[in-house]
Each structure stands twice: as C-alpha cells, then as structure tokens.
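Visitor: Could you take me through one part of this structure closely, namely its aromatic pairs and the rings that take part in them? I would like the geometry and the burial treated together.

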Amino acid sequence: MIVVGAGPAGSTAARYAARRGLKVLLLDKRKEIGVPVQCGEYVAENNEVRAIFPTVTDVDDLMEVPHRVKQIDTPLIRIWSPKGRVYDVPFHGYTVRRDKMDQGIAEQAVREGAALLKETPVLRVRGNEVFTPRGTFEGEVIVGADGPRSTVAQSVGLPWPTSAPAMSTTADGSFSNVTDMFFGNLAPGGYAWIIPKGSCANVGLGTWEHFHGNLRQLFDKFLTARDIRPGKATGGYVPVLGPVERTVKDRAILVGDAAGMVMATNGGGINVCMIAGRIAGMTAADHLLGGVPLDAYEQRWRAVLEGPLDQGVQIKKLADRFFGSDRLLEAAMVLLGQRRMGRAIRCQRLFRPGVAEAL
C-alpha cells in the first residue's frame, strides 16, 4: 500500500494499515513533515468529537498525538458579527503545534511498521504505479492524502473538492483562552480567526470559493485593525463545500482534504480527516488481507461522517445567501442567536424541516 501525503489523514491511514500487518510506504514531498504550517491548529476535544460523530470509537487512541502536543485548552468560541455583536458559544477544543502533531503521527506510523520517504513528490499515478523523481513505486492500494489539489485524484479521474483561499500566521502577544471568529465583509463568505496558543496565537482569514480579490490585502487590513504583528504568513486552499461525490476508483482512495472532508461551517478538518484516515487504513487491510471490496471504504466513511458533514454544507449554503451584505448577515445572526450558532458550529440542524427553505 502506498500513501501519498504525510499529513494527519495520510499518516493515520498508514499507521492503522501497518498495525494490521500491511507493507506501507508513506510518501511526502516536504523536507520536514508539517512545515510550513497551513492550518488554524485547532482540534475539537474528544467529547465534542463523540457528540458530533456518535458512532466513532477509540477516540483516545486515535487522537493520542494531538493531545500530547496540546498547547492550551479553549473552552469557548466567540463569534463576532459585522457590527461587533458578540455571541459566546461553549465548545471545548484545544490548540496544537501543527508541525509537531504531523511529525508525531508520522512517527506513529513508522513505529507500527510503515516506511516514510520524504522529499518525494508524486508526479502521477497509473494503475498500481506511483511515479516520483526518485523512481516508480508499486502498490495494490494507493491512498491520496495529498490535499485539495490532489495529484492522485487528478491521475485516476476523481474530482477535486470545491475549495477557497486562506492565509494564516503565528503572532506573538498576550491572548485569552477564547477562540475568536469574525464574520462580515472583512472576510467575504468566510471568516477571520484568532486562535490562542498561550504566548502566541494562530491568526488567519479565509473566504468563499467565489473570491477573486486580493486576499493578502484583506489579511493585512484585519491584522492592522487589531494591532497584531504577524510572523511569516502562509497560504493555501481549504475545502468549503464538503466531500467529493466519489472517493474510490480502481486501486485509489481519497482521504482528508483530498476528499473534501472538512466541516463546512467552521473549516475544521483535523478530527474528521483522522477518523477517515483510520477507516482508510483499516479498509485497505480488509481488502488486501480479507478480500473485502475496496468500495467498502466509501460506505464506511460515509456511514460515520457524511451526516454531519452534509448538514454543515446545507448550513453554509444557507449562510451564503447573506454573506454579500453585512446588513443582511447581521440580521441573520440575530435571528440565529447563540444556541443555533452552537448547533451550526457542530454541523447540526438549525431549524425544523422546511424553515430553512423559506428563508
């Protein structure tokens, strides 16, 4: 089995497949796993994960490394409206050093028996062959965990997820333990964030998929307005409209950002991609060791994750109707109130059936 991409999704898939006894090769294009950091570095606490995805088991084992590299607990998400109205939503999460987290999960995979090869970008995939500048490797199952512009997906004819641009940086300073999310035209169709990490914070801004302006200009304006002195910023793309229609084709399966496995209402993907990564690794083992069809991966991850992820997409599509106008967005947020915002963060239904369609 070959896993392309040693982020949390790919390394988790490699870890659990190797635990089952598969010969696993984990490839990553970077010289140093997890660098540069392109993430908000926020992880939902295990009990929140269990509440959102109630059929997920063994969460403590799955999330061992994120807990180990935890920086601070953040028990509250503070949501800011365009006019500065504040909604405090209790939600238990914590922040991590994302580079250390990614490295730790990759090390877990290696300890379980996977081989890790860094500085090995994948050029294309054909059949069971994975072509790289270091040579061609063969695998009976190929896991694409190589982000929203996945080479694996493109090679085998699977779709890319709809994604939008985002930027983030680490800023030194004194911050509370509250995670702040700012909505309005300061981040069209998305939001800006300040996620505390103790003596510093992860500060970022993401927009919607229709954005064609100057993201850096928006980002700098947000930082200046809050007197934040940033470190070096990094940018990338984040899936924003949920999973792709198909995640399995021939020998290839997609996981994590490559499959669009992100909670559309909050941009969270670490917990989701690690859950799916474990399913990918276990299903690959069932396929190669027990003859289970590889398509079982599609059914298995959707049974666990699809309900909340799809609900998150529906909430985002509803919110998109108001994102073009700060006045309309302000009114919509007043209508939602704190309780429904908490449900939105958790990708839970906001209204009884039929109400959303009438809005």
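Guide: What follows looks at the aromatic rings, then at charges placed over rings, and lastly at the nonpolar core. The model is a predicted one, and within it there are seven aromatic pairs. One of these joins Trp-208 and Phe-323 in an edge-to-face arrangement, with 6.4 Å from centre to centre and 85° between the planes. Trp-208 belongs to the loop between β14 (200-206) and α7 (215-225), while Phe-323 belongs to the loop between α9 (296-320) and α10 (326-345), so the pair ties together parts that lie 115 residues apart in sequence. As for burial, where the limit is under 20% relative accessible area, Trp-208 counts as buried because its relative accessibility is 17%, and Phe-323, with a relative accessible area of 8%, is buried as well. Both rings also belong to one aromatic cluster, whose other members are Phe-183, Tyr-191 and Trp-193.

Rings elsewhere in the model have a charged side chain over them: the charged end of Lys-70 sits over the ring of Tyr-94, 5.0 Å from its centre, and Arg-149 lies over the face of Tyr-237, at 4.5 Å from the ring centre.

A further aromatic residue, Tyr-297, is among those with the most contacts inside the largest nonpolar core, which has 106 residues. Helix α8 (residues 270-290) gives the most to this core, with 10 residues. Leaving aside neighbours within four places in sequence, Tyr-297 is in contact with residues including Val-248, Leu-254, Val-255, Met-261, Ile-279 and Thr-283.

Definitions and conventions
Residues numbered from 1 in each chain as written. Predicted model: local features only at pLDDT ≥ 70, side-chain atom pairs only at ≥ 80, totals over all residues. Heavy atoms only, no water. Core = buried A, V, L, I, M, F, W, Y, C linked by side-chain atoms within 4.5 Å. Buried < 20%, exposed > 50% of the residue type's maximum accessible area, 1.4 Å probe, protein only. Helix = DSSP H or I, 4+ residues; strand = E, 2+ residues; numbered from the N terminus. Contact = heavy atoms within 4.5 Å. Phe/Tyr/Trp six-rings, centres within 6.5 Å; stacked < 30°, edge-to-face > 60°. Lys NZ or Arg CZ within 6 Å of the ring centre and 35° of its normal.
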